[in-house]
Amino acid sequence: MAPAAAKLLLTDLASGIDRVPDNYIRSEADRPNLTEVEASDASSIPLVDLQGLSGPNRDDIIRQIGRACQQDGFFQIKNHGIPEEKSERLKNYCDDPTKSTRLSTSFNLNTETVSNWRDFLSLHCHSLHEWPTNPPSFRKEVGEYCTRVRELVLKLLEAISESLGLEREYISQNLGKHGQHMAMNYYPPCPQPELTYGLPGHTDPNLITILLQDDVPGLQVLKNGKWVAVNPIHNTFIVNIGDQMQVISNDKYKSVLHRAVVNCNTERISIPTFYCPSPEGLIRPAQGLIDHEHPAVYKSFTWEEYYHKFYYRVLRTECCLDMFKIHSA
Ligand code: OGA
Ligand code: NI
């Protein structure tokens with residue numbers, strides 16, 4: 001099974017070619033326009049220092065997180081408590097994942113018309129038995145990393161709940177059981193990066209995403225109508241609000257469009273953790289955020305209904321959140 005799957009990977013195709021194959025070329029209206037992307041500066045994506053989150057600085061840090069969720073939908077975190085060697089090892093982990101049945105390429109070959117310049121290994125963090133057994137340390141290393149990220153997410157969910165004026169436990173108690181997925185994205189060097197994407201613009205459908213990346217730029221975030229290139233900062237994580245958080249916050253916090261572009265010279269690895277409700281988890285705007293001036297924007301739905309719509313929607317341009325809005329007369 002592995003050799004057949006491996007044949008389909010971009011990684012095998014991408015080395016030693018000097019032109020992008022036709023099925024990766026975007027129509028002219030849908031290209032990254034790399035010359036128009038803004039460089040990021042210190043103010044583009046707020047950097048939040050989590051030092052003191054459970055101490056005297058808590059209120060101040062919560063205010064910073066709240067502001068970032070509301071204005072940017074994205075922030076970076078330092079002093080996050082995940083030891084550097086855990087994340088460092090992981091960034092180098094794409095050496096031999098070919099045994100996994102979840103190794104794939106692009107996004108969804110069944111529904112897309114143009115492919116993405118990306119291979120990925122996708123893991124469900126609660127079902128270790130499906131995980132690659134090779135290399136032998138894979139389960140231990142990656143499993144430990146997943147546990148630490150989960151602890152970090154739970155801290156962030158408390159802080160975000162408080163920043164919304166909700167009970168500290170509100171968000172984590174309103175997801176059903178929790179779900180956690182992880183992807184290891186591998187973006188090979190690309191001979192014509194101006195014609196294609198690693199991942200085209202999208203919002204994350206889940207609750208909150210914690211992105212670990214190497215030091216090669218590639219992530220871009222839409223800010224005030226312009227794409228801004230994120231400059232990786234060593235030993236930080238990027239955090240972004242997903243669609244489910246936008247719903248729970250009743251549109252106060254924003255799930256923001258972002259994309260990954262590729263480059264000619266260097267491969268890039270990114271490792272997002274997608275934290276989610278469980279499939280039967282019922283999602284709806286928090287009661288405490290609904291009043292006369294702020295009527296509920298969304299109906300309630302299960303995460304299963306949502307991701308079904310997300311993965312099977314016909315037009316990629318359809319905004320999934322819109323399909324769950326309460327339409328006022
Ligand atoms: C994603 C994503 C960005 C990146 O996987 O949803 O947005 O930099 N990745 O790889
Ligand atoms: Ni994303």
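**Ligand 1 shell and the α3–α5 contact**

The residues around ligand 1 in this predicted model are Asn 185, Tyr 187, Leu 199, His 202, Asp 204, Leu 211, Leu 219, His 258, Arg 268, Ser 270, Pro 272 and Phe 274.

Q: Which strand supplies the largest share of the shell around ligand 1?
A: Strands β6 (178–187), β7 (199–202) and β13 (268–277) each give at least two residues to this shell. The largest share amounts to four residues, and the strand that supplies it is β13.

Q: How far is an oxygen atom of ligand 1 from an N or O atom in the side chain of Ser 270?
A: Polar side-chain atoms approach oxygen atoms of ligand 1 from several residues, including Arg 268 at 2.8 Å and Tyr 187 at 2.7 Å. For the side chain of Ser 270, the corresponding separation is 2.6 Å.

Q: What percentage of the accessible area of ligand 1 does the protein cover?
A: The shell residues comprise six nonpolar, four polar and two charged. On its own, ligand 1 has 290 Å² of accessible area, and the part of it covered by the protein is 94%.

Q: Are helices α3 and α5 roughly parallel or roughly perpendicular to each other?
A: The axes of α3 (residues 58–71) and α5 (residues 138–163) come within 8 Å and cross at roughly 80°. Angles of 65 to 115 degrees count as roughly perpendicular. The two helices, α3 and α5, are therefore roughly perpendicular.

Q: How many residues of the contact of α3 with α5 are charged?
A: From α3, Arg 58, Ile 62, Ile 65, Gly 66 and Cys 69 take part, meeting Leu 156, Glu 158, Ala 159, Ile 160, Glu 162 and Ser 163 of α5. Six residues of this contact are nonpolar and two are polar, while the number of charged residues is three.

Notes
Residues numbered from 1 in each chain as written. Chains lettered and ligands numbered in written order. Predicted model: local features only at pLDDT ≥ 70, side-chain atom pairs only at ≥ 80, totals over all residues. Heavy atoms only, no water. Axes fitted to C-alpha atoms, helices over the stretch in contact; angles between N-to-C directions. Parallel < 35°, antiparallel > 145°, perpendicular 65-115°, else oblique. Contact = heavy atoms within 4.5 Å. Nonpolar A, V, L, I, M, F, W, Y, C, P; charged D, E, K, R; others polar. Near = heavy atom within 4 Å. Polar contact = N/O pair within 3.5 Å; in protein donor to acceptor, adjacent residues only side chain to side chain. Areas by Shrake-Rupley, 256 points an atom, 1.4 Å probe, with all protein chains shown as cover.
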